[in-house]
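User: I am new to this structure and would like a close look at a single part of it, with its surroundings explained step by step. Please give each term its cut-offs as you go.

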Amino acid sequence: MTFLKLPFGLGSNLIIPVLRCALHVFAYCRPIIKFMQKRVARIEAGNIRSAIQCGARRAIIVYDNLASPPTYGDYLWVVNLARYFIARDIRVSFYIVESEYRGDWQWLGEVQTKEFVAEQVRVAEALLNSDCAMIQRISWQDLQEIVSSAPSDSVFPFFERVRNRVAIYKHCFNLLNQLLSDTDQGMHDRILLSYQDLAPKVEFKPVEDSYVSWHCRHSEKWALDRNTEDGEFLQIH
């Protein structure tokens with residue numbers, strides 16, 4: 001309001017547009033975004049290490065579908081965070097909030113949404129040791145009751161973000177890098193996915209001939225502009 005009172009329209013025609021432009025550049029500048037994400041990961045890694053040193057015996061991890069997309073890669077980073085705690089002999093309560101969904105879930109429709117949430121459960125069950133992890137689909141309302149009564153010896157990654165329903169999946173890659181930076185190769189092998197982890201649970205079809213493979217992105221539902229185009233495919237080849 002102070003700027004709007006300036007004479008000759010300086011506030012509305014000059015200062016406010018300049019400030020908006022500066023904020024836009026700051027908010028969407030990739031180096032700044034990466035710096036902030038790494039900073040978040042460093043702080044969270046410090047909190048987790050402190051909780052473990054203080055004797056935390058249980059970890060509460062929440063994947064909130066209202067703040068997360070219906071994608072496998074983003075989800076797997078959060079599952080791998082749970083694997084970190086299991087590797088440290090800490091029991092995990094892994095909650096999937098399914099009562100509400102982010103806007104991009106609308107592309108799936110009701111049936112596919114239910115199927116994908118069921119798939120989230122199956123993936124977690126396949127990759128988390130059932131003796132050390134409890135996996136549960138839950139509503140946001142029921143989760144709040146659990147959070148409020150969490151034991152004092154528990155560690156809750158990204159507690160404030162989860163409580164405010166802000167995405168955590170985008171920070172888990174950097175967080176895992178931080179947490180694994182001071183662990184040995186044996187710990188890495190227990191946390192990171194391997195053929196031995198997947199072979200008993202996934203059907204592998206051997207390829208008889210020599211081959212080269214690479215990843216191509218293709219979706220018929222959203223962000224079509226991110227799909228690998230024919231020209232890009234040939235250029236990679």
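Analyst: A good place to begin is Tyr75, which lies in helix 3, where helices (H or I, at least four residues) and strands (E, at least two) are DSSP runs, numbered from the N terminus. The model is predicted, so local features need pLDDT of at least 70 and side-chain atom pairs count only at pLDDT 80 or more, while totals for chains, interfaces and linings use all residues. Residues are numbered from 1 along each chain as its sequence is written, and side-chain values use heavy atoms, with hydrogens and water left out.

Tyr75 has a relative accessible area of 2% and is therefore buried; buried means under 20% relative accessible area, exposed over 50%, and partly exposed in between, with a 1.4 Å probe and protein chains only. Leaving aside residues up to four places away in sequence, Tyr75 touches Tyr63, Phe94, Ile96, Gln120, Val121, Val123 and Ala124, a contact being heavy atoms within 4.5 Å. The C-alpha atom of Tyr75 is 9.6 Å from that of Lys170, although the two residues are 95 places apart along the chain.

Helix 3 itself covers residues 72-87, and its buried residues include Val78, Leu81, Tyr84, Phe85 and Ile86. The expected span of a helix is 1.5 Å times one less than its number of residues, so the 16 residues of helix 3 should span 22 Å, and the end C-alpha atoms are indeed 22 Å apart. After helix 3 comes Asp89, whose phi is positive, near 60°.

Another buried residue of this helix is Arg83, with a relative accessible area of 7%. Arg83 forms a salt bridge with Asp197, their closest N and O atoms being 3.1 Å apart; a salt bridge is a side-chain nitrogen of Lys or Arg within 4 Å of a carboxyl oxygen of Asp or Glu. This pair links distant parts of the chain, since Asp197 belongs to helix 9 (residues 195-198) and the two residues are 114 residues apart. Asp197 is partly exposed, at a relative accessible area of 22%.

Helix 3 also belongs to a right-handed β-α-β unit together with strand 1 and strand 2; a crossover is right-handed if, with the strands pointing away from the viewer, the path from the first strand over the helix to the second runs clockwise. Strand 1 (residues 58-64) has 6 of its 7 residues buried, so this strand is largely enclosed by the rest of the structure. Strand 1 pairs with strand 2 (residues 91-97) in the parallel sense over 7 bridges, two strands being paired if DSSP finds at least two bridges between them. Within that pairing, Val62 stands opposite Tyr95 of strand 2.

These strands are part of an open sheet of 4 strands in the order 3-2-1-4, with parallel pairing. Strand 3 (133-138) and strand 4 are the edge strands, each pairing on one side only. Strand 4 (residues 154-155) runs parallel to strand 1 and is joined to it by 2 bridges, with Ser154 as the bridge partner of Arg58. On the other side, strand 2 and strand 3 are parallel and share 6 bridges, and Val92 faces Ala133 of strand 3. Helix 4 (residues 109-127) packs on this sheet, touching strand 1, strand 2 and strand 3, and its direction makes about 175° with that of strand 3; axes are lines fitted to C-alpha atoms, for helices over the stretch in contact, and angles run from 0 to 180 degrees between N-to-C directions.
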